[in-house]
Amino acid sequence: MSKTKYASRLTGLLAVSLGMLAFQMTTYADTTEPSDSQVTSAQVSQQSDSAVEAQSESSDAAASTVNEPANNSTTARSTSVNAESSSVETADSSAKASNNTDQSSQPVDTTQPQSNTEDTVTASDESQQTTTSEDVATNDSNQQQSIDQTTSEDSSTTADQQQPKTTTADSADTTDAAQPSANDQITIPDANNADNPAWKQSSDNPFINFLTSITSTIAAGVVYPFAASRQGAALLSKIRTLMSPDRYDVDQMWSDLDEKYDPEYTKTYYTEAQNWYDNEVVKETMSVPFADGTGNASATYIAHPGSTKTIIYGQGWTTEPEWMGYISKVFYDMGYNVLMPYTRGQNSSDGEFLTFGDKDKADWINWINKIDDMNGTNSEVVLYGQSLGADSALETAAQTNLPKSVKAVIADCGFSTIPSLLFSLYSGVANSLNNITSKIGWNLNGTIPLVPFDQFLNGFNNINKLFQGFSLDDVSGITAVQNSKLPTMFIATADDAFIPDTETETMYNLSASTLKQLWILDGNVGGHASANNAVKDYMTRIQAFLNQVDGQSSDNKLNITDDQQVAA
């Protein structure tokens, strides 16, 4: 039977899945509250946790912005843990996390240089900060506290200079930081390892195992078209828009934005940006052939007069082109041309399936070469993306044939691994169901009845391999960052209920980048892919990062002296 017939049969199951997907859409759409999956019943075994500790000694579990020069050892820093936004790593770490309170991400004073040699950790007025290092002295929980760490002394910032906490790595320092969450590093083999009962949920009973293997494969077959097929993803996007008609109204960018992020500024900026993109700026449609020759990729291009610097802006899953256009003004205003390619299987690009970056990364090389041909020898390219687009950017940066014109990567709320993303969503559904079943005394313990996570994941992976020829493990954000030394800025929001901010944090911790920064915004920002809502801070911090990239020496090492300031 042809693949087209298989696709038709899978698409025919869409109606059956609406009830199940309603939980997922709620998890994705309710961006003002942390996902239930971050307080999940998935307790990873002690063995898994130990493996994670052995894997990364350089993680910083609460850093909101981190600058790390090349070839440095990791830095000894005291860090706070955001208990509400981080995924539960183990049963033991879950108990520890419950004692921690929200981080306080504080707005940038854009009238000052966006850099600071001091390492700043701030906490909200009503919360006490729990740290993982003995070097930080904790004040009373009713006080606004701000702890600046340097290699020689600690000093406190004033309460009115509130900004997201910052850690700056110094090449002479070593790190004693919290470890990445095991839930944010799941692979297919991990999920099938009996030592990890939180992920391998299938029964040892042969009959039950056989039964749930069937039901789990059916469930995967129902969900897959929504996630990966052109028609299914488009249909799901329309359903989400019907459920939230104002989903793509620009006023969503500031309507629930915390005051510390200056919603009035955001309102003015994006109101003008909408008019700019819809009515003023000249837009050009461009295309390049797919790297595998099976079709063409399409893009919208906005030229900035006289500029040879270009942002390639990766499209998120089901993100509308106009929405990307409004956000593109951020980079245009920095003096960049903006190229917005549409991923395979979305909008005007060819393809019947979204490849999660697996094939897009090779297509992006064609885009970069095209931009270089247009701009000549002075061409400079920065890869940027939100959500799925962030992973497309990271995957591209890890390619061995990456053109030298690419200078940096900015990854906004990408996923660490697809199994980790699916586990987060799965746990959210399981917890939502448990809220119902627990009322009659039935505790689901982090599982969906008849759909064990490991069997669902295997079914989803097998279907993907059938239609697209690659494993979900082939599109790992973690693998990508471990194979790229390009300067990389990682951005996420703590109120992201679709892709937990801990996945971004984990990628930062495991990144091999010569210069890397991590910025996690707390409070009400807007949920998934919403960091740009805090547009004043967004522009300031990205510009400061790009300035640092420009200031690197030819061997990709930062020249940081004691009197230099590092972007906060």
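**View 1. Gln252 and the residues around it in this predicted model.** Skip the neighbours within four places in sequence, and Gln252 is in contact with Asp246, Arg247 and Asn533. Gln252 itself sits in the loop between α7 (230-243) and α8 (263-280). How far apart are the C-alpha atoms of Gln252 and Ser530? They are separated by 9.7 Å, although the two positions lie 278 residues apart along the chain, counted as their spacing in sequence. Gln252 counts as partly exposed because its relative accessible area is 32%, and the partly exposed class runs between the 20% and 50% cut-offs.

**View 2. Strand β10 and its two partners.** Strand β10 (residues 380-386) is mostly covered, with six of its seven residues buried. It pairs in the parallel sense with strand β8 (residues 309-314) over six bridges, and β10 also pairs in the parallel sense with strand β11 (residues 406-412), again over six bridges. Tyr384 in β10 is a handy landmark here: Tyr313 stands opposite it, and Tyr384 also stands opposite Ile410 in β11. To get from β10 to β11, the chain goes through helix α11 (residues 388-397), and this β-α-β crossover is right-handed.

**View 3. A nonpolar patch on the surface.** Which residues make this patch? Phe207, Ile208, Leu211 and Leu450 do, and the patch covers about 390 Å². Ile208 belongs to helix α6 (residues 206-228). With a relative accessible area of 38%, Ile208 is partly exposed, so it clears the over 30% cut-off for patch residues.

Note on methods: Residues numbered from 1 in each chain as written. Predicted model: local features only at pLDDT ≥ 70, side-chain atom pairs only at ≥ 80, totals over all residues. Heavy atoms only, no water. Patch = residues over 30% accessible without salt bridge, like charges linked within 9 Å, V, L, I, M, F, W, Y side chains within 5 Å. Areas by Shrake-Rupley, 256 points an atom, 1.4 Å probe, with all protein chains shown as cover. Salt bridge = Lys/Arg side-chain N within 4 Å of Asp/Glu carboxyl O. Helix = DSSP H or I, 4+ residues; strand = E, 2+ residues; numbered from the N terminus. Buried < 20%, exposed > 50% of the residue type's maximum accessible area, 1.4 Å probe, protein only. Pairing = 2+ DSSP bridges. Right-handed = clockwise from strand over helix to strand, strands pointing away. Contact = heavy atoms within 4.5 Å.
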